[in-house]
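Please open the model in your viewer and keep the sequence panel beside it, since each stop of this tour begins with a selection.

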Amino acid sequence: MLMAYGSPERIDDVPAYYSDIRGGRPIRPELLEELTDRYRRLGIEDRNPLNEITERTRAALEQELGLPVFTGMKHWTPRIGDAVEAALAGGTETIVGLVLAPHYSRMSIGGYRAQVEEALDARAELRFVERWHDEPALVELWAERLRGTRAHVVFTAHSLPARILDEGDPYQAQLLETATAIAQAAGLGEWSFSFQSESATGEPWLGPDILDHLEALHAQGTTHVLVAPIGFVADHLEIRWDLDTEAREKAEELGLRLERAGMPNDDPAFVSVLVGIVRKALSAVGSTEAHK
């Protein structure tokens, strides 16, 4: 079962999608308008390329594995619960749960696992892959995209509330571990790490934010930046808007040359990474928790 955050299929779906993310909490009209405008400016009216990328990835993974692969979305359709029921209807006795996000946080991956376990209700064995940030094939995939660059590479990932550090959450440490491994494999001369996509919740979030970081790099004399969003695997809104739009506008304002590494999306090399992870999970005989 391949899981993702979910994304609205068309502009008209944005209010329902945002409501699902908010869990029924009140939505400020200006925030809904802002989100809708972002999708519209990215050209998403009647179809969403991200959903198509996810489906192509699912289909390719299914073909390579020779096993049925179902898609389950955390905040859109098909739901995680629907994917569980579809798998069970096919007679499965074991489900491998794999989220399209390599780094574990209780606030993110932990939420996916909770949804799967609730829907599954112990009706089949669950082998849930909680983290795959150190997969050698994943490291090499990113290293290949960065190898040979003379730019200052900035690795990025989605920010989360800073309080997760006090809770012992491994998210930030895993991100830095991945970045270090990629930098070493690619032989990078200069690199750093920043976060992106912080939400306005009124509490401190992990930083530095990419926009602030670009200002700092500019002040240090950096002239060329290559962004590598290793916390993501596909062209999400956070990539196309937060980086390709906002970060690019900030770079132009500063006179910085900014480029972004291509996302894994449904690249055959990335599908091969997923194949290896699933096979490893299936080979973990007698364990309900694979690759922790």
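The tour of this predicted model goes from a sheet and the helix across it to a kinked helix, then to some backbone features in loops, and ends at a pocket.

**The sheet**

Begin by selecting β5, β6, β7 and β8, which form an open sheet of four strands in the order β6-β5-β7-β8, paired in parallel. The edges of this sheet are β6 and β8, each of which pairs on one side only, and neighbouring strands are turned against each other by 30° on average, with direction ignored. Narrow the selection to β5 (residues 152-158) and β7 (residues 224-228), two parallel strands joined by four bridges; if you label Val153, you will find that its bridge partner in β7 is Leu226.

**The helix across the sheet**

Next add α9, residues 210-219, which lies across β5, β6, β7 and β8 and runs at about 150° to β6. Select Ala219, which belongs to this helix, and ask whether it is buried or exposed. Ala219 counts as exposed because its relative accessible area is 68%, where the cut-off for that class is over 50%. From the C-alpha atom of Ala219, draw a distance to the C-alpha atom of Leu254: the two residues are 35 apart along the chain, and the separation is 9.4 Å.

**The kinked helix**

Leu254 brings you to helix α11, residues 242-254, where a kink of about 25° is centred on Arg248. Which residues of α11 are buried? Colour Asp242, Leu243, Thr245, Ala247, Lys250, Ala251 and Leu254, which are the buried ones. When you look at how such positions are spaced, bear in mind that an α-helix has 3.6 residues a turn, so residues three or four places apart point the same way. Step just past the end of α11 to Gly255, which takes a positive phi of about 80°.

**Loops with less common backbone geometry**

As background for the next selections, most residues other than glycine have a negative phi, and most peptide bonds are trans. Select the loop between β6 (191-196) and α9, which contains Pro208; the peptide bond from Gly207 to Pro208 is cis, with omega near 10°. Ser197 is in this loop between β6 and α9 as well, and its phi is near 65°, a positive value in a residue other than glycine. Ser197 counts as buried because its relative accessibility is 13%, and the limit for that class is under 20%.

Move on to the loop between β8 (257-260) and α12 (268-282), where you will find Asn265, another residue that is not a glycine but has a positive phi, here about 45°. Asn265 is buried, with a relative accessible area of 13%. Then select the loop between β2 (71-73) and α4 (80-89), in which Pro78 lies; a cis peptide bond joins Thr77 to Pro78, with omega at about 0°.

**The second largest pocket**

For the last stop, show the second largest pocket, which holds about 300 Å³ of space. It is lined by 18 residues, of which Met1, Leu67, Pro68, Thr94 and Val96 are the closest to its centre. Which element gives the largest share of this lining? Strand β3 does, with four residues, while α3 (49-65), β3 (94-99) and α12 each supply at least two.

Methods
Residues are numbered from 1 along each chain as its sequence is written. This is a predicted model: local features need pLDDT of at least 70, side-chain atom pairs count only at pLDDT 80 or more; totals for chains, interfaces and linings use all residues. Side-chain values use heavy atoms; hydrogens and water are left out. The bend at a residue is the angle between axes fitted to the seven residues ending there and the seven starting there. Buried means under 20% relative accessible area, exposed over 50%, partly exposed in between (1.4 Å probe, protein chains only). Two strands pair if DSSP finds at least two bridges between them. Axes are lines fitted to C-alpha atoms, for helices over the stretch in contact, and angles run from 0 to 180 degrees between N-to-C directions. Contact means heavy atoms within 4.5 Å. On a 1 Å grid over the protein atoms alone, a cavity is a set of points where a 1.4 Å probe fits but cannot get out, and a pocket is an open set with protein on both sides within 12 Å along at least five of seven lines; lining residues have an atom within 4 Å of a point. Grid points are joined across faces, edges and corners, and a volume is the space filled by probe spheres set on the points.
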